[in-house]
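Reader: Could you walk me through this one before I go back to the bench? I'd like the overall picture and then a few individual residues.

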Amino acid sequence: MQLNGGVRFCEQGMKASIRAMHLQSEVLGMINQNIIGFDKVGYQRKQPVVSSFTEYLGIHGLSNVVDDSPGRIITSRNPLDIAIANKGYFQVLTPQGVKLTRDGRFKLDKDGNLLSLEDHSVLSDAGIPIRLPFVPDNVEEVKVDGKGKITVYDKNNYEMVESGHLGIVDANGMAVLNPDVKQGYNECSNVLIQNEFLEIKPVVRNFEANRQIFMMQNNNLQKVIQQLGSNA
């Protein structure tokens, strides 16, 4: 009974090392996603969060939080490129329901509907798709102010016609009062590439340490099995 207990203890230690390596692999995966998302418009960094008792929970003790701080704002030649300088999200209507996004690269279809790059309708602050009263000859005739109000120039009446208001909300769906909308700009990701590479080093060290511990425990277990076989 004492011998069996010793082997079982070693086995549990090996399982803990495997869970730890699995956990570190998942953390590396999140960091890699951030690095890949560095050049994506509107991408928001994912911060891995490791809870207590992960030696028992493994990857079930891992979650992430989204860094909702604004990213880098760069100019664009497209008047329908819209960026949010403060925290907040655009609302687009997808087949799966309403989706929140920071990607403000919009376009107009032949009917004057404001769409995302994926052809999803952009929603107003009233929760309905935004549609211009007419399609302008030039998209530069469409203006969006800092609050998200959309107007378009009516050349027949020589006036700006209000055409809707971008529905900009926070992560909980509450309206953002001061989104600081920038027309003709794109928001790059809020990922700092140098910080992501710095995050990798301790994760790789932890993985390597657990790998070494696993190999030591595996070698000890093999020795015990060999001794049992020689004593049989």
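Author: A word on terms to begin with: helices (H or I, at least four residues) and strands (E, at least two) are DSSP runs, numbered from the N terminus. By that reckoning the chain has three helices and 14 strands. This is a predicted model, in which local features need pLDDT of at least 70 and side-chain atom pairs count only at pLDDT 80 or more, while totals for chains, interfaces and linings use all residues. Residues are numbered from 1 along each chain as its sequence is written, and side-chain values use heavy atoms, with hydrogens and water left out.

Reader: Why is the chain said to be more spread out than a compact globule?

Author: The radius of gyration is 27 Å, well over the 17 Å that the globule rule gives for 232 residues, so the chain is more spread out than a compact globule. That radius is taken over C-alpha atoms, and the rule is 2.2 Å times the number of residues to the power 0.38. Along the principal axes, the C-alpha atoms fill a box of roughly 100 × 30 × 30 Å.

Reader: And how much of the chain counts as buried?

Author: Of the 232 residues, 34% count as buried, where buried means under 20% relative accessible area, exposed over 50%, and partly exposed in between (1.4 Å probe, protein chains only).

Reader: Switching to single residues, where is Asp 103, and is it buried or exposed?

Author: Asp 103 sits in the loop between strand E6 (97-101) and strand E7 (107-108), and with a relative accessible area of 14% it is buried.

Reader: What does its side chain make a polar contact with?

Author: The side chain of Asp 103 pairs with that of Arg 105 at 2.7 Å; a polar contact is a pair of N or O atoms within 3.5 Å, and within protein one must be able to donate a hydrogen and the other to accept it, with residues adjacent in sequence counting only if both atoms are side-chain atoms. Beyond its neighbours within four places in sequence, Asp 103 is in contact (heavy atoms within 4.5 Å) with Val 41, Gly 42 and Phe 90.

Reader: Which residues other than glycine have a positive phi?

Author: Most residues other than glycine have a negative phi. Among those with a positive value are Tyr 158, at about 55°, and Asp 180, near 55°. Tyr 158 lies in the loop between strand E11 (149-154) and strand E12 (159-165) and counts as exposed at 65% relative accessibility. Asp 180 is in the loop between E12 and strand E13 (181-183), and at 26% it counts as partly exposed.
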